[in-house]
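Work through these short exercises with the structure in view. Each task comes with a stepwise solution.

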Amino acid sequence: MSRIGKLPVAVPSGVDVAIDGALVTVKGPKGTLSHSVAAPIVVEQGEGVLDVKRPDDERISKSLHGLTRTLVSNMVVGVTDGYEKKLEIVGVGYRVLSKGPTQLEFQLGYSHSIIFDAPEGITFTVEGPTKLGVVGIDKQLVGETAAKIRKLRKPEPYKGKGVRYAGEHIRRKVGKAGK
């Protein structure tokens, strides 16, 4: 039995869960998320908990069991607390400006500034010219948006300049050997 899959998902008060066949919809104070559960897996609603069950011990059922439980759990956490990824900008003259909650302007050493628009359901928080956060209720969308921002100027290994996740360690290389 999957150690993760067999754990029940606790549903806090104020969160409404609707199961319509394979579609699980979670509604909470921060918004609504839905997920279509893959074929052999079944989600059952109990007393304040959600149980994810699999019908057999086939390989595909086993692999989808823990995944489905984690995805449903992430939806419940998302509509109650939400998710945030923090990013840092390192480099002389590199900075970010907020053009509203869903638009950022980056200066990343290119000859032009880069305007980045947030997808639906994502907002940005800018704590300073070199610190920003990506906030939303969908964990996958928050991570994907943060990865797209990091891709604008990845941290390079010689000086470490670029956009990185907060707390990310960049492996540094030694430059040319001088005489």
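**Exercise 1. Describe how S3 pairs with S4, and what joins them.**

Step 1. S3 and strand S4 (residues 31-36) pair in the antiparallel sense over six bridges. Strands pair if DSSP finds at least two bridges between them. Strands are DSSP runs of E with at least two residues, helices are runs of H or I with at least four, and both are numbered from the N terminus.

Step 2. Find a facing pair: Gly-28 stands opposite Gly-31 in S4.

Step 3. Look at the link. Two residues form the hairpin connection from S3 to S4.

A note on the source: this is a predicted model, in which local features need pLDDT of at least 70, side-chain atom pairs count only at pLDDT 80 or more, and totals for chains, interfaces and linings use all residues. Residues are numbered from 1 along each chain as its sequence is written, and side-chain values use heavy atoms, with hydrogens and water left out.

**Exercise 2. Find the bridge partners between S2 and S3, then sort the side chains of S3 by face.**

Step 1. Strand S2 (residues 16-20) runs antiparallel to strand S3 (residues 23-28), with five bridges joining them.

Step 2. Val-17 has Val-26 as its bridge partner in S3. For Ala-18, the partner in S3 is Thr-25.

Step 3. The hairpin of S2 and S3 has two residues between the strands, and Gly-21 there takes a positive phi near 70 degrees.

Step 4. Side chains alternate along S3. Val-24, Val-26 and Gly-28 point to one face and are buried; Leu-23, Thr-25 and Lys-27 point to the other and are not. Buried means under 20% relative accessible area, exposed over 50%, and partly exposed in between (1.4 Å probe, protein chains only).

**Exercise 3. Check the length of each helix.**

Step 1. The expected span is 1.5 Å times one less than the number of residues.

Step 2. Helix H1 (residues 59-80) has 22 residues, so it should span 32 Å; its end C-alpha atoms are 33 Å apart, which agrees. Just after H1, Gly-82 takes a positive phi of about 85 degrees.

Step 3. H2 has 13 residues, so it should span 18 Å; its end C-alpha atoms are 18 Å apart, which agrees.

**Exercise 4. Locate the nonpolar cores and see what H2 contributes.**

Step 1. A nonpolar core is a set of buried Ala, Val, Leu, Ile, Met, Phe, Trp, Tyr and Cys residues joined through side-chain atoms within 4.5 Å.

Step 2. The largest core has 20 residues; Ile-89, Phe-106, Phe-124, Leu-132, Val-134 and Ile-149 touch the most other members. Elements that each supply at least two residues include strand S7 (83-90), strand S9 (103-107) and helix H2 (139-151). H2 gives the largest share, four residues.

Step 3. A second, separate core of 18 residues includes Val-15, Leu-33, Val-43 and Val-79.

Step 4. Among the buried residues of H2 are Leu-141, Val-142 and Ile-149. Their cover includes S7, S9, S10, S11, S12 and strand S13 (162-165).

**Exercise 5. Is the whole protein compact or spread out?**

Step 1. Count the elements: two helices and 13 strands.

Step 2. The radius of gyration is 21 Å, well over the 16 Å that the globule rule gives for 179 residues, so the protein is more spread out than a compact globule. The radius is taken over C-alpha atoms, and the rule is 2.2 Å times the number of residues to the power 0.38.

Step 3. The C-alpha trace spans about 70 × 40 × 20 Å along its principal axes.

Step 4. Buried residues make up 34% of the 179.

Notes: Contact means heavy atoms within 4.5 Å.
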